[in-house]
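Trainee: I have the sequence and the model open, and I would like a close look at a single part. Please start there and then work outwards to its surroundings.

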Amino acid sequence: MTTLVFVEHHEGEAAKGSLGVLAKAAGLGGDVAAAVVGENVRGVAEGLGAHGASRVYVAEDASLAAPLPQPRVDVLARLVQDEGIDTVLFAASVLAADVAAALAARLGAGLNWDLVDLESRDGTLVGTTLAFGDTAKVEVGWKSEPRLGLFRSGAFDPAPGDGGAPELRDVPVEVEEWSTQTAMLEQAHEESSGPSIEDADVIVAGGRGLGEAEKFALLEELAKALGGAVAATRAVVDAGWYPYATQVGQTGKNVSPKLYVACGISGAIQHKVGMQGSGTIVAINKDPNAPIFEYADLAVVGDLHEIVPKLTELVRQARS
Ligand SMILES: Cc1cc2nc3c(=O)[nH]c(=O)nc-3n(C[C@H](O)[C@H](O)[C@H](O)COP(=O)(O)OP(=O)(O)OC[C@H]3O[C@@H](n4cnc5c(N)ncnc54)[C@H](O)[C@@H]3O)c2cc1C
């Protein structure tokens, strides 16, 4: 069995979600390879042995510089056919979802979407996905090869990174004429200091209990003191208090930091499904009956406007 993991990268760094999927694939055993596609990506490829890839296919070309799906589908489709790859795995992102769907169409392959786990049962791959608002687990499989799977973001942690150097294999890049019909005209990058919520070990998340958008400054201060990132509930994102990219939950992102500090968040099921994999959950809420206290490791009943600034001060003192 040869499993290929599509490794996405940004500014010379492999995405944490892709590394998590690579670690999962390596844990299942068999021959695990990675594909890195882009321009000047050799540095990304070299680091992947540490994360579980024994072999990395490197497709480098100027036509792959922009993060557009179709040229990547051309590269992957040829790779899967030429190398006899039977399983291709992706970590969810806007780009990966487009690539996975188009690759499935191109190869006539089955794609299981939104997976949260994968196991090998007597040599048969069985995926897990969630249904009914994430309240039920459903096992899914594939009827044919190649099998394609797209995992939810944050489904797995990357491996500790102590593997050896991978074998690098250059892949010839032949892009179909129709794949060159789309061009990236402009890319906007969100200005942020500190880690993204997908990569952060500490997340300070805010909900409607903050009262107004300006109060997110309190959480930014605490996150800065803890070296973490700020996240939000859908209620405040919908209200325009904080960017959509920071939304955690069913229709936002799945995160699994070591520490999740929920401030003024009720703990609705749709929020819970996006953060319940966190190591330690601390909730600050003035309502002692708030649902979030049912799954918080540490419950702080009180007004966040008083507690958060004091907490920030204590963290700063402890760190100085
Ligand atoms: C299909 C669907 C998908 C959804 N997807 C998501 C999703 O991805 N992510 C998500 O988050 N939600 C999602 N939701 C919305 C979800 O159901 C909740 O409405 C939302 O999470 C509530 O956000 P909140 O906790 O900020 O607000 P609220 O539920 O209004 O809670 C505010 C909390 O703040 C507390 N509070 C108030 N003042 C203070 C204070 N001064 N100090 C301390 N605590 C205080 C209150 O006691 C309360 O518990 C979805 C809903 C649906 C139907």
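Trainee: What is the relative accessible area of Leu298, and does that value make the residue buried or exposed?

Mentor: Neither: Leu298 is partly exposed, because its relative accessible area is 46%. Buried means under 20%, exposed over 50%, and partly exposed in between, computed with a 1.4 Å probe on protein chains only. This is a predicted model, in which local features need pLDDT of at least 70 and side-chain atom pairs count only at pLDDT 80 or more, while totals for chains, interfaces and linings use all residues. Residues are numbered from 1 along each chain as its sequence is written, and side-chain values use heavy atoms, with hydrogens and water left out.

Leu298 belongs to strand β16, residues 298-301. Strands (E, at least two residues) and helices (H or I, at least four) are DSSP runs numbered from the N terminus. Leaving aside residues up to four places away in sequence, Leu298 touches Ile281, Val282 and Ala283; contact means heavy atoms within 4.5 Å. The C-alpha atom of Leu298 is separated by 36 Å from that of Glu8, 290 residues apart along the chain.

Now the sheet that holds β16. Its 5 strands run in the order β13-β12-β14-β15-β16, as an open sheet with parallel pairing. Two strands pair if DSSP finds at least two bridges between them. β13 and β16 are the edge strands, each pairing on one side only. From one strand to the next the twist averages 20°. Angles run from 0 to 180 degrees between N-to-C directions, with axes fitted to C-alpha atoms, for helices over the stretch in contact. β14 and strand β15 (residues 280-285) run parallel and are joined by 5 bridges. Val282, one of the residues that Leu298 touches, is the bridge partner in β15 of Val261.

Two helices pack on this sheet. Helix α5 touches β12, β13 and β14, and its direction makes about 170° with that of β12. Helix α8 touches β14, β15 and β16, at about 135° to the direction of β15. α5 spans residues 216-226, and its buried residues are Phe216, Leu219, Leu222, Ala223, Ala225 and Leu226. An α-helix has 3.6 residues a turn, so residues three or four places apart point the same way. The cover over the buried residues of α5 includes β12 (202-206), β13 (229-232), α6 (234-238), β14 (259-263) and α8 (304-319). Gly227 follows α5 and has a positive phi, near 70°.

The ligand comes next. It has 25 residues around it, of which Arg208, Thr233, Thr251, Ser266 and Asn285 come nearest; a residue counts as near if one of its heavy atoms lies within 4 Å. Thr233 sits in the loop between β13 and α6 and is buried, since its relative accessible area is 8%. Among residues more than four places away in sequence, Thr233 touches Gly206, Gly207, Arg208, Gln247, Ile265 and His271. Polar contacts are pairs of N or O atoms within 3.5 Å; within protein, one atom must be able to donate a hydrogen and the other to accept it, and residues adjacent in sequence count only if both atoms are side-chain atoms. A polar side-chain atom of Thr251 lies 2.7 Å from a nitrogen atom of the ligand. A backbone N or O atom of Lys286 is 3.2 Å from a ligand nitrogen atom, and one of Gln250 is 3.0 Å from a ligand oxygen atom.

The chain also holds an open sheet of 9 strands, in the order β9-β8-β7-β10-β6-β1-β4-β5-β11, with mixed pairing. Its edge strands are β9 (136-140) and β11 (167-170). Neighbouring strands there are turned by 35° against each other on average, direction ignored. β1 (residues 2-6) and β4 (residues 31-38) pair in the parallel sense over 5 bridges, and Val5 stands opposite Ala34. Helix α3 (residues 69-83) lies across β1, β4, β5, β6 and β11, at about 150° to β4.

A nonpolar core is a set of buried Ala, Val, Leu, Ile, Met, Phe, Trp, Tyr and Cys residues joined through side-chain atoms within 4.5 Å. The largest has 30 residues, and Leu4, Leu76, Leu79, Val88, Phe90 and Leu103 touch the most other members. α4 gives the largest share of this core, 9 residues. Another core lies apart from it, with 25 residues, among them Val5, Ala34, Val36 and Val44.
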